[in-house]
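Trainee: I would like to learn how to read helix packing, burial and salt bridges in a model. Can we go through them one at a time?

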Amino acid sequence: MPASKKTVRRPLLVTSAALLSFSMTATPAFAAKPSPSSSASPTATPPATMSTLGGALLGKPGTQANIGSDAPVLPKDISARSWIVADAESGDVLASHNAHWRLAPASTLKMLFADTLLPKFNKDEKHKVLTSDMEGIGAGSSMVGIKEDETYTVHDLWLGVFLRSGNDAVHVLSAMNNGVKQTVADMNAHAEELQALDTNVVSPDGYDAKGQVSSAYDLTLFARSGLQKKDFREYCSTVRAKFPGETKKSKKGKKTRESFEIQNTNRLLTGDSGLDPYQGIAGVKNGNTTNAGATFTGVAERDGRVLLVTVMHPEKNEHNQVYKETAALLDWGFKASGKVEPVGELVPPKGAEASGEPADADAQSGATASPSATASGKAVAAGASGGASGVGTALGITGGVLVLVAGGGFLVNRRWPSRRKKAEEETEASA
């Protein structure tokens, strides 16, 4: 029995069209992927030398920011070992702190898992869970409550991954993808395609494993890539949904299967004690393990600007600290946009860099339109009940390109920024 379609989503203020404009970069100083042996130090001291992919400043330890006289100062009391604030559309990195420090990623690695596997399965496909599907799940893992011998749709499983960070859902989807070993190989290959060279995947669910590392820079690349996919955007912004329970048999032999509610563990979406939902938030993913500490990547929109912030391992051990630090950096980013010089940029995937054109990620992902979406260009209501209040946004599809038709009223279908810059330079040179 598929999960109820009455899922609740946050207002999706991120459109694929608005995010399909990436930023190019010069040839990176680190052309090869670092060895897994160069994993995070057990101390809180960053390595003296890190990747300079995206800009030389990003390879330097400590905080990097070019703040002018009219720009706001960076928030105080940010205790994270690593963080990054970036413009999701242009790819400009507004500020960073140890952006390429290779640290344990925890469940934020599920963004790469989803970006890699979402195109492989139709969301209506059904799978009966085998005992072997659940093997290898780490002790103390977060679970959505999948039961052996029960049948789930792929849609159900993705709800389990995104909302409850269910390692059981990850392992079932990995089994459908010919196993954990194949899935890990696919994820590492996709990370390389995205130029996420700080990343080495050992376990697809982000569970602590020797040699498993990523960085704030790479996690931001994963989020940015995933947000090109409609299904990814919908799942990561869903506040709560129904999930199939266990089949039960009555004394008369009648079988019934009820659903139970699951809620997103992203506290900037849902809010929590002492923490309000963040205005304009639209995803993405949180994580927490013993080795990684708390990790989080969030995307939010205000006044037409879409920002990505990743925070890894706050040293302050306070409730919801990773969310508080993310919110503070988002606040700074929205105030600082247009007032600071970027310290680097998010690089595009290799394929896009070669072609100079954005890919139609929604088409590639095999994403199906939501029930309210139509090809006629009618608005798709993306309102939410529960969670944070915010400006309601409607999304429509016109000619295969998502259009923000309320709260912004614009259509974006840009070429890669570097291609535009190159054309402008050629025009100026010939003038």
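**Reading salt bridges, burial and packing**

Mentor: Lysine 120 has a relative accessible area of 41%, so this residue counts as partly exposed. Keep in mind that this is a predicted model.

Trainee: Which residue forms a salt bridge with lysine 120?

Mentor: The general idea is that side chains of opposite charge can pair when their charged atoms come close. Here the partner of lysine 120 is aspartate 186, with the closest N and O atoms 3.7 Å apart. The two belong to distant parts of the chain: aspartate 186 is in helix 5, lysine 120 is in the loop between helix 2 and strand 5, and 66 residues separate them. Aspartate 186 is buried, because its relative accessibility is 18% and the cut-off for buried is under 20%.

Trainee: How many salt bridges are there by this rule?

Mentor: The count is 10. One of them joins arginine 305 and aspartate 87, at 3.9 Å from N to O. Arginine 305 lies in strand 13 and aspartate 87 in strand 3, so this pair ties together parts that are 218 residues apart in sequence. Arginine 305 is partly exposed at 34% relative accessibility, whereas aspartate 87 is buried at 10%.

Trainee: Where in the chain are lysine 350 and glutamate 192, which meet in a salt bridge?

Mentor: Lysine 350 is in helix 10 and glutamate 192 is in helix 5, 158 residues apart. Their side chains come to 3.6 Å, N to O. Lysine 350 is partly exposed at 37%, and glutamate 192 is also partly exposed, at 37%.

Trainee: Now burial. Is helix 4 mostly covered or mostly open?

Mentor: Mostly covered: of the 10 residues in helix 4 (167–176), 9 are buried. Among them are Asp168, His171, Leu173 and Met176. The cover over these buried residues includes helix 2, strand 5, helix 3 and helix 5. After helix 4 comes asparagine 178, which has a positive phi near 70°.

Trainee: And packing: at what angle do the axes of helix 2 and helix 6 cross?

Mentor: In general, two packed helices are described by the angle between their axes and the distance between the axes. For helix 2 (110–117) and helix 6 (216–226), the axes cross at roughly 35° and come within 9 Å. The crossing is left-handed.

Trainee: Which residues of helix 2 and helix 6 meet?

Mentor: Helix 2 contributes Met111, Leu112 and Asp115, and helix 6 contributes Leu219, Phe222, Ala223, Ser225 and Gly226. By class, this contact has 5 nonpolar, 2 polar and 1 charged residues.

Technical notes:
Residues numbered from 1 in each chain as written. Predicted model: local features only at pLDDT ≥ 70, side-chain atom pairs only at ≥ 80, totals over all residues. Heavy atoms only, no water. Axes fitted to C-alpha atoms, helices over the stretch in contact; angles between N-to-C directions. Helix = DSSP H or I, 4+ residues; strand = E, 2+ residues; numbered from the N terminus. Left-handed = near helix turned anticlockwise from the far one by under 90°. Contact = heavy atoms within 4.5 Å. Nonpolar A, V, L, I, M, F, W, Y, C, P; charged D, E, K, R; others polar. Buried < 20%, exposed > 50% of the residue type's maximum accessible area, 1.4 Å probe, protein only. Salt bridge = Lys/Arg side-chain N within 4 Å of Asp/Glu carboxyl O.
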